[in-house]
Amino acid sequence: MVPSGKRQSSRMTRTNTMELIAKLHQESGEDVASVHDQPKIQSIAKQTEASYTKIVGSTFEDDFGNFIPCKISDFLDVEKLPSPYRAQGVVGVGENIFVSNSETVLLDIVSHAKHETVSREFLRGGPRKMILHDPSKAKPAIVTCGGLCPGLNTVIREIYMCLKYTYGVREVYGVPFGFRGFYEPEYEIKPLTDEEVDDIHHDGGSYLGSSRGGHSTRMIVDAIVDFGFNMVFVIGGDGSHRGAIKVFDELRLRKLPYAVIGIPKTVDNDIALIDRSFGFATAVEEAQRAIKSAKTEATSYYNGIGLVKLMGRYSGHITMAATVASRDVDVCLIPEVPFVLGGERVNPGQNQLSYPCMRTDQYGFLNEAILNSSSALRALS
């Protein structure tokens with residue numbers, strides 16, 4: 001980002017109206033921002049009434065490929081088709097609903113008013129005007145891997161509904177119990193139906209079933225080829241995505257035009273590029289119930305201590321968010337902030353803990369919320 005010069009006006013006006021977007025699309029083609037955003041291109045911004053104080057410079061051509069994910073067209077000569085996706089029921093939107101292949105999302109959103117500012121960027125997701133797979137011939141499969149997470153069934157349902165009713169895909173298949181469901185003979189891969197997925201978003205767990213491990217790249221790819229799945233949706237965590245990358249690499253090695261789509265799943269909300277992962281809000285809400293119960297116990301006894309240990313492993317997002325939401329927690333310990341349970345008090349006579357270093361027990365990191373500090377701190381210090 002570089003400064004754009006003297007500010008012309010302090011009044012900001014809305015510019016993302018349907019009429020303006022349609023006009024800008026006609027003048028600038030597919031490089032205009034999509035209907036959801038303010039125009040970001042400098043030449044377009046000058047035509048609007050909005051007061052822009054920063055200009056985002058274009059990315060050098062040599063650097064543009066650094067954040068573009070590998071595509072099938074990179075290693076195969078494939079023909080693209082017009083997308084059947086349309087903004088149904090929205091008058092005047094037309095093709096403005098599509099996202100250009102040149103649009104990126106800035107990761108570093110904090111700028112400086114008096115200095116040149118740089119940011120990392122990533123290719124923006126969204127519907128494209130041209131697609132690879134003919135929906136009438138597409139054969140997608142959905143698989144859930146790893147631990148369970150609130151919202152899994154909602155994701156399964158939305159993938160199914162979008163593929164079938166937005167793009168016109170005829171059949172969507174479900175792979176049971178994780179990666180091993182591709183090749184284990186006792187598991188049956190079958191197409192999903194409207195009746196099956198209609199209400200699954202009201203239930204917890206995974207309708208398809210899940211499992212940890214069981215990854216065999218060769219056997220999975222052989223099964224994908226045998227079944228003719230040209231689109232595979234993998235819903236899982238970091239380990240599952242490493243497996244998905246291996247599957248795609250093997251498909252690329254065999255020069256097969258099959259797509260592998262990874263959907264990140266983590267209840268811990270420990271993905272840097274998104275605001276909130278699905279299931280995180282539910283985990284925070286449920287954690288508050290435990291905190292409330294611990295407070296009741298702690299305040300019902302003399303020198304009572306309420307100790308709540310929450311999940312998260314190396315991430316303290318659930319613990320921190322639950323602490324802020326409940327307003328009942330006095331001490332919050334998370335892996336990201338060094339702490340030690342012990343040592344001398346900072347000021348004798350006051351209930352304070354010292355934090356000279358981080359110390360963990362033999363079981364690893366702690367994600368804990370301590371309630372009723374007047375008693376707890378006396379006991380711990």
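Is L152 buried or exposed? The points below answer this and then move through the sheet and its surroundings, and the reader should keep in mind throughout that this is a predicted model.

1. L152 is buried, since its relative accessible area is 1%, and a residue counts as buried when that value is under 20%. This leucine lies in helix 4, and although L152 and G205 are 53 residues apart along the chain, their C-alpha atoms are separated by 6.7 Å.

2. The sheet gives the setting for that helix. It is an open sheet of five strands, which follow the order 9-8-7-10-11 with mixed pairing. Strand 9 (190-191) and strand 11 are the edge strands, each of them pairing on one side only.

3. Strand 7, which covers residues 140-144, is mostly covered, as five of its five residues are buried. In a regular strand the side chains alternate between the two faces of the sheet. For strand 7, P140, I142 and T144 point one way while A141 and V143 point the other way, and all of these residues are buried.

4. Strand 7 has a partner in strand 10 (residues 231-236), and these two strands run parallel and are joined by five bridges; T144, for example, has I235 of strand 10 as its bridge partner. Strand 7 also pairs with strand 8 (residues 173-175), again in the parallel sense, over three bridges, and here the bridge partner of I142 is G174. Between strand 7 and strand 8 the chain passes through helix 4 (residues 152-166), making a β-α-β crossover that is right-handed.

5. Which strand pairs with strand 8 in the antiparallel sense? Strand 9 does so, over two bridges, and within strand 9 the bridge partner of G174 is K190.

6. On the other side of the order, strand 10 and strand 11 pair in the parallel sense over six bridges, and F233 stands opposite I261 in strand 11. The chain travels from strand 10 to strand 11 by way of helix 7 (residues 238-253), and this β-α-β crossover is right-handed.

7. The loop between strand 7 and helix 4 contains G146. With a relative accessibility of 19%, G146 counts as buried, because the cut-off for that word is under 20%. The C-alpha atoms of G146 and S240 are separated by 6.9 Å, even though these residues are 94 residues apart along the chain.

8. How many disulfides does a search of the whole structure find? The search finds zero. A disulfide is a covalent bond between the sulfur atoms of two cysteines. Among the cysteines, C145 counts as buried at 2% relative accessibility, whereas C162 counts as partly exposed at 34%.

9. The last point concerns the surface, where F122, L273 and I274 make a nonpolar patch of about 250 Å². I274 is found in the loop between strand 11 (259-264) and helix 8 (280-299). Its relative accessible area is 34%, so I274 is partly exposed, and that value also satisfies the patch requirement of over 30% relative accessible area.

Methods:
Residues numbered from 1 in each chain as written. Predicted model: local features only at pLDDT ≥ 70, side-chain atom pairs only at ≥ 80, totals over all residues. Heavy atoms only, no water. Patch = residues over 30% accessible without salt bridge, like charges linked within 9 Å, V, L, I, M, F, W, Y side chains within 5 Å. Areas by Shrake-Rupley, 256 points an atom, 1.4 Å probe, with all protein chains shown as cover. Salt bridge = Lys/Arg side-chain N within 4 Å of Asp/Glu carboxyl O. Helix = DSSP H or I, 4+ residues; strand = E, 2+ residues; numbered from the N terminus. Buried < 20%, exposed > 50% of the residue type's maximum accessible area, 1.4 Å probe, protein only. Pairing = 2+ DSSP bridges. Right-handed = clockwise from strand over helix to strand, strands pointing away. Disulfide = S-S within 2.5 Å.
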